[in-house]
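Open the structure in your viewer and keep the selection tool at hand. The stops below say what to select next and what is there.

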Amino acid sequence: MISDPNILVSMINMKLRDGDYSSLDDACLSLGIDKEELERRLAAAGFHYDSTQRQFK
C-alpha cells in the first residue's frame, strides 16, 4: 500500500470517482487492500470516508 497518505487518498478517490468501483468495499476487494487498514491510515492523516459522496475528505 502507498505510504504517503496524500497520494493514497488521491488514488482511492480517483478510482471511486471515475466509476471503476461502486463502493469502497468493492474497490478494496478488487485492489487487494484491507479496508480497515486503509481507513485507519487515512484517518491518522485527517481523512474520513463519506459514503454518500463515495470519497475520502
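Select helix 1 to begin: its 13 residues reach 18 Å from the first C-alpha to the last, close to the 18 Å expected at 1.5 Å a residue. The model is a predicted one.

Keep helix 1 selected and pick out Leu8, Val9, Ile12, Asn13 and Leu16, which are buried. Turn the view to look down the axis of helix 1: the buried residues fall within an arc of 120°, so they line one face of the helix. Now show what covers these residues; the cover includes helix 2 (24–31), helix 3 (35–44), strand 1 (49–50) and strand 2 (55–56).

Next, go to the ends of helix 1. At the N-terminal end, select aspartate 4, which caps the helix. One of its side-chain oxygens lies 2.8 Å from the backbone nitrogen of asparagine 6. At the other end, select glycine 19, which follows helix 1 and has a positive phi, near 85°.

Step back to isoleucine 2, in the segment before helix 1 (5–17). Is isoleucine 2 buried or exposed? Neither term fits: its relative accessibility is 30%, so isoleucine 2 counts as partly exposed. Show its contacts, leaving aside neighbours within four places in sequence, and you find Ile7, Leu8, Met11 and Arg41. For a distance across the model, pick the C-alpha atoms of isoleucine 2 and alanine 27: they are 15 Å apart in space, and the two residues are 25 apart in sequence.

Return to helix 1 and select asparagine 13. Asparagine 13 has a relative accessible area of 12% and is therefore buried. Which residues does asparagine 13 touch, not counting those up to four places away in sequence? They are Gln55 and Phe56.

From there, select phenylalanine 56 itself, which is buried with a relative accessible area of 4%. Add tyrosine 49, which is partly exposed at 24%. The count of aromatic pairs in this model comes to one. The pair is made by the rings of tyrosine 49 and phenylalanine 56, whose centres are 5.1 Å apart; their planes stand at 55°, so the pair is tilted.

Now select the loop between strand 1 and strand 2 and find arginine 54 in it. Most residues other than glycine have a negative phi. Arginine 54, however, has a positive phi, near 50°. Its relative accessibility is 30%, so arginine 54 counts as partly exposed.

Move on to helix 2 and select Leu24, Ala27 and Cys28, which are buried. Down the axis of helix 2, the buried residues fall within an arc of 95°, so they line one face of that helix. Their cover includes helix 1, helix 3, strand 1 and strand 2. Just after helix 2, select glycine 32, where phi is positive at about 70°.

The last stops are charged side chains. Side chains of opposite charge can pair when their charged atoms come close. How many salt bridges are there in this model? The count comes to five.

Select aspartate 25 and lysine 35, whose side chains meet in a salt bridge of 2.9 Å, N to O. Aspartate 25 lies in helix 2 and lysine 35 in helix 3, so this pair ties together parts that are ten residues apart in sequence. Aspartate 25 is partly exposed, with a relative accessible area of 45%. Lysine 35 is also partly exposed, at 25%.

Stay with helix 3 and select arginine 40 and glutamate 37, which are three residues apart and thus separated by about one helical turn. They form a salt bridge, with the closest N and O atoms 2.7 Å apart. Glutamate 37 counts as partly exposed, at 24% relative accessibility. Add Arg41 to the selection: salt bridges that share partners join Glu37, Arg40 and Arg41 into one network.

End the tour at lysine 57 and aspartate 50, which form a salt bridge with their closest N and O atoms 3.5 Å apart. Lysine 57 has a relative accessibility of 45% and counts as partly exposed.

Conventions:
Residues are numbered from 1 along each chain as its sequence is written. This is a predicted model: local features need pLDDT of at least 70, side-chain atom pairs count only at pLDDT 80 or more; totals for chains, interfaces and linings use all residues. Side-chain values use heavy atoms; hydrogens and water are left out. Helices (H or I, at least four residues) and strands (E, at least two) are DSSP runs, numbered from the N terminus. Buried means under 20% relative accessible area, exposed over 50%, partly exposed in between (1.4 Å probe, protein chains only). Contact means heavy atoms within 4.5 Å. The expected span of a helix is 1.5 Å times one less than its number of residues. The arc is that of the directions from the helix axis to the C-beta atoms. A polar contact is a pair of N or O atoms within 3.5 Å; within protein, one must be able to donate a hydrogen and the other to accept it, and residues adjacent in sequence count only if both atoms are side-chain atoms. Rings of Phe, Tyr and Trp (its six-membered ring) pair if their centres lie within 6.5 Å; planes under 30 degrees apart count as stacked, over 60 as edge-to-face and the rest as tilted. A salt bridge is a side-chain nitrogen of Lys or Arg within 4 Å of a carboxyl oxygen of Asp or Glu.
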